[in-house]
Amino acid sequence: MRRLASVGMGYPEPRAGRERAEQGEERGAEPGPGGEERETSRLWHVTLSVAGEEAPLAEVRRGLEQLAHDHPFLLTSRYANDHAEIRYWEEARDLHDAAAVALRLWGEHRSTAQLPPWEIVGLEVIDRGTYHQRVAEGFGPAPATPVGVHPF
């Protein structure tokens, strides 16, 4: 299981903290068990784009389905025979941590999920508030895009 030191340790989040997170606001330290402060995390929407030489569509789909099975945090994957796009939510302290995890995702799981030897050609990491603002303004991902692995 992937985990950064900055990712929350599963302590219940106070209601006010949840409301701030839904608005995409930065949260500082919150009390953990025993009253000690712990750094909290935020949700980040990640879009990872990969591309390379053509591969059989069935193999690309199978690899992406295996990746989604291994990591159920993946929301949706779209693919063609020479590129793919993966969208998911990442919990991390800041954008740097979320981007670091995203940049490792494809390479670390290339062999276990038998993914094509493609390179990362794009990465977008945005906070929850920005994601919801884009969707509300009609600039977010297509609302009809179902969860799962689908061809472009």
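In this predicted model, the loop between helix 3 and strand 6 contains Q114. Q114 is not a glycine, yet its phi is positive, at about 55 degrees. Most residues other than glycine have a negative phi. With a relative accessibility of 51%, Q114 is classed as exposed, because the threshold for that class is over 50%. A113 can be placed relative to helix 2 through H69. The C-alpha atoms of H69 and A113 lie 9.3 Å apart, although 44 residues separate the two in sequence. H69 itself belongs to helix 2. Its relative accessible area is 64%, so H69 is exposed.

The overall fold comes next. The protein chain holds 4 helices and 7 strands. Their order along the sequence is α-β-β-β-α-β-β-α-β-α-β. The chain has 152 residues, and 38% of them count as buried. About 8800 Å² of the protein chain is exposed, and 53% of that area comes from carbon and sulfur atoms. Among contacts with a separation of 6 or more, 68% link residues 24 or more positions apart.

Helix 3 leads on from this overview. Helix 3 is built from 15 residues. From first C-alpha to last, helix 3 spans 22 Å, close to the expected 21 Å. Its N-terminal end is capped by D94. In that cap, a side-chain oxygen of D94 sits 3.2 Å from the backbone nitrogen of H96. Which residues of helix 3 are buried? They are D97, A98, A99, V101, A102, L105, W106 and H109. These buried residues pack against three strands named earlier in the chain, strand 3, strand 4 and strand 5. They also pack against helix 2 and strand 6, the latter covering residues 119-127.

The nonpolar interior can now be described. In soluble globular proteins, nonpolar side chains tend to be buried together. Here, the largest nonpolar core has 25 residues. Within this core, L64, I86, Y88 and W106 have the most contacts. Several elements supply at least two core residues each: strand 3 (42-51), helix 2 (57-70), strand 4 (74-79), strand 5 (83-92) and helix 3 (95-109). Helix 3 gives the largest share, with 5 residues. I86 shows how residues meet around this core. Beyond its neighbours within four places in sequence, I86 contacts V46, T47, L48, L64, L67, L74, T76, S77 and W106. Two other core residues with the most contacts, L64 and W106, are therefore in contact with I86.

Strand 5 has partners on the sheet. How many bridges join strand 3 and strand 5? The pair is antiparallel and has 10 bridges. Within this pairing, L43 is bridged to E91 of strand 5. Strand 4 also runs antiparallel to strand 5, and 5 bridges connect the two. There, L74 has Y88 of strand 5 as its bridge partner. A hairpin of 3 residues leads from strand 4 to strand 5. Strand 5 is mostly covered, as 7 of its 10 residues are buried.

Polar residues also occur under cover. E85 is part of strand 5. Is E85 buried or exposed? Its relative accessible area is 12%, so E85 is buried, the cut-off being under 20%. The side chain of E85 makes a polar contact of 3.1 Å with the side chain of R87. In a regular strand the side chains alternate between the two faces of the sheet. Leaving out residues up to four places away in sequence, E85 touches T47, L48, S49, T76, S77, R78 and F152.

T76 appears among the contacts of E85 and among those of I86. T76 is located in strand 4. Its relative accessibility is 8%, so T76 counts as buried. The side chain of T76 comes within reach of G148, with 3.2 Å to the backbone oxygen of that residue.

Definitions and conventions:
Residues are numbered from 1 along each chain as its sequence is written. This is a predicted model: local features need pLDDT of at least 70, side-chain atom pairs count only at pLDDT 80 or more; totals for chains, interfaces and linings use all residues. Side-chain values use heavy atoms; hydrogens and water are left out. Buried means under 20% relative accessible area, exposed over 50%, partly exposed in between (1.4 Å probe, protein chains only). Contact means heavy atoms within 4.5 Å. Accessible areas come from the Shrake-Rupley method with a 1.4 Å probe; for residues, only the protein chains shown count as cover. A nonpolar core is a set of buried Ala, Val, Leu, Ile, Met, Phe, Trp, Tyr and Cys residues joined through side-chain atoms within 4.5 Å. The expected span of a helix is 1.5 Å times one less than its number of residues. A polar contact is a pair of N or O atoms within 3.5 Å; within protein, one must be able to donate a hydrogen and the other to accept it, and residues adjacent in sequence count only if both atoms are side-chain atoms. Two strands pair if DSSP finds at least two bridges between them.
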